[in-house]
Amino acid sequence: MEILHSKIYGEERTETPLLVLHGLFGMLDNWGSFGKEFGELMPTHLLDLRNHGRSFHSDSMTHDDLANDILNYLDAHNIQKANLLGHSLGGKAVMQFAINFPERVEKLIVADISPKAYPPHHQGIIKALQTVDFSKVESRQDVENVLGEYIHEKFVIQFLMKNLYWTEDKKLAWRFNLPTLADQYTQFVSNAIRFGVFSGPTLFIAGEKSNYILPQDDFLIRQQFPNSKIITIKNAAHWVQANNPVDFNAAVKEFLQN
């Protein structure tokens with residue numbers, strides 16, 4: 001059994017730990033400053049999802065896989081109960097975990113995603129990533145140039161570029177497992193999480209400029225998460241924690257501490 005790679009802040013603290021799970025094509029490094037800040041208040045575990053960052057690669061990528069990975073991680077670290085925070089795909093993972101293993105969750109925070117199925121919407125990014133030929137590119141700039149032909153948002157390119165690394169034989173490569181993420185895409189994006197109910201305290205955080213959580217999602221959210229509230233962070237799109245970290249962190253802090 002393989003355990004997710006993590007970085008832990010405030011490991012010596014005794015409060016209920018907080019586990020943080022990033023979104024698609026992300027990695028725990030995206031949450032570094034959040035981890036430092038929250039590690040002053042509680043043990044804060046930043047995790048790489050399977051097929052991302054430095055975690056193991058697998059051909060399977062269902063919501064239940066992601067939930068079981070969290071369970072295995074908690075068991076490996078002797079954590080009986082945790083607070084969970086997930087953004088986007090990480091949000092799907094923590095929602096499924098809370099439904100499957102409610103007794104292991106103190107409080108649940110879901111950043112800019114709902115339990116519903118989403119239509120496929122990353123095809124352009126996947127195509128761009130697949131177009132990078134690592135036998136031909138010689139520098140990070142070469143990779144950026146290829147991505148720029150397909151992706152026009154500079155911040156999206158910068159976000160993806162964080163996953164580049166130099167292999168031992170001096171070639172650039174992606175840290176994420178692109179073949180599986182492309183192949184299993186519909187498994188984890190175009191499927192709703194499996195139906196069930198988590199009745200513990202839950203906070204959904206939407207970005208004001210994002211369309212991932214819509215007013216009509218309210219009914220579905222309350223069906224599966226009856227003890228939930230939904231708040232909106234001003235001046236933030238889908239990467240709500242990066243677009244407005246001050247308000248995002250304050251909302252998370254207030255929810256966890258009250």
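Here is a short chat about the cores, domains and cavity of a predicted model.

Biologist: Hi! Which domains does the assignment give for the protein chain?

Modeller: Hello! Since this is a predicted model, keep that in mind as we go. The assignment gives domain 1 (6–117 + 192–257) and domain 2 (122–184).

Biologist: And how far apart are their C-alpha centres?

Modeller: Those centres lie 26 Å apart. The contact between the domains takes 16 residues from domain 1 and 17 residues from domain 2.

Biologist: Cool. Now the largest nonpolar core: which residues touch the most other members?

Modeller: That core has 64 residues, and Leu19, Phe25, Val143, Leu147 and Trp174 touch the most other members. Helix α3 (residues 89–100) gives the most to this core, with seven residues.

Biologist: Why does this core lie between the two domains?

Modeller: Domain 1 and domain 2 both give residues to this core, so it lies between them.

Biologist: What is Val143 in contact with, leaving aside neighbours within four places in sequence?

Modeller: Val143 is in contact with Val132, Phe134, Val137, Met161, Leu164, Leu172 and Trp174. There is also a second, separate core of 22 residues, with Leu18, Trp31, Val240 and Ala251 among them.

Biologist: Switching topic: how many cavities of 30 Å³ or more are there?

Modeller: The count comes to one. About 30 Å³ of space lies in the largest cavity.

Biologist: What lines the largest cavity?

Modeller: Its lining is His22, Gly23, Gly26, Asn30, Trp31, His87, Phe159, Trp239 and Gln241. These divide into three nonpolar, six polar and no charged residues.

Definitions and conventions:
Residues numbered from 1 in each chain as written. Predicted model: local features only at pLDDT ≥ 70, side-chain atom pairs only at ≥ 80, totals over all residues. Heavy atoms only, no water. Core = buried A, V, L, I, M, F, W, Y, C linked by side-chain atoms within 4.5 Å. Buried < 20%, exposed > 50% of the residue type's maximum accessible area, 1.4 Å probe, protein only. Helix = DSSP H or I, 4+ residues; strand = E, 2+ residues; numbered from the N terminus. Domains from an automatic or database assignment. Contact = heavy atoms within 4.5 Å. 1 Å grid on protein atoms, 1.4 Å probe; cavity = no way out; pocket = protein on both sides within 12 Å on 5 of 7 lines; lining within 4 Å. Points joined across faces, edges and corners; volume = space filled by probe spheres on them. Nonpolar A, V, L, I, M, F, W, Y, C, P; charged D, E, K, R; others polar.
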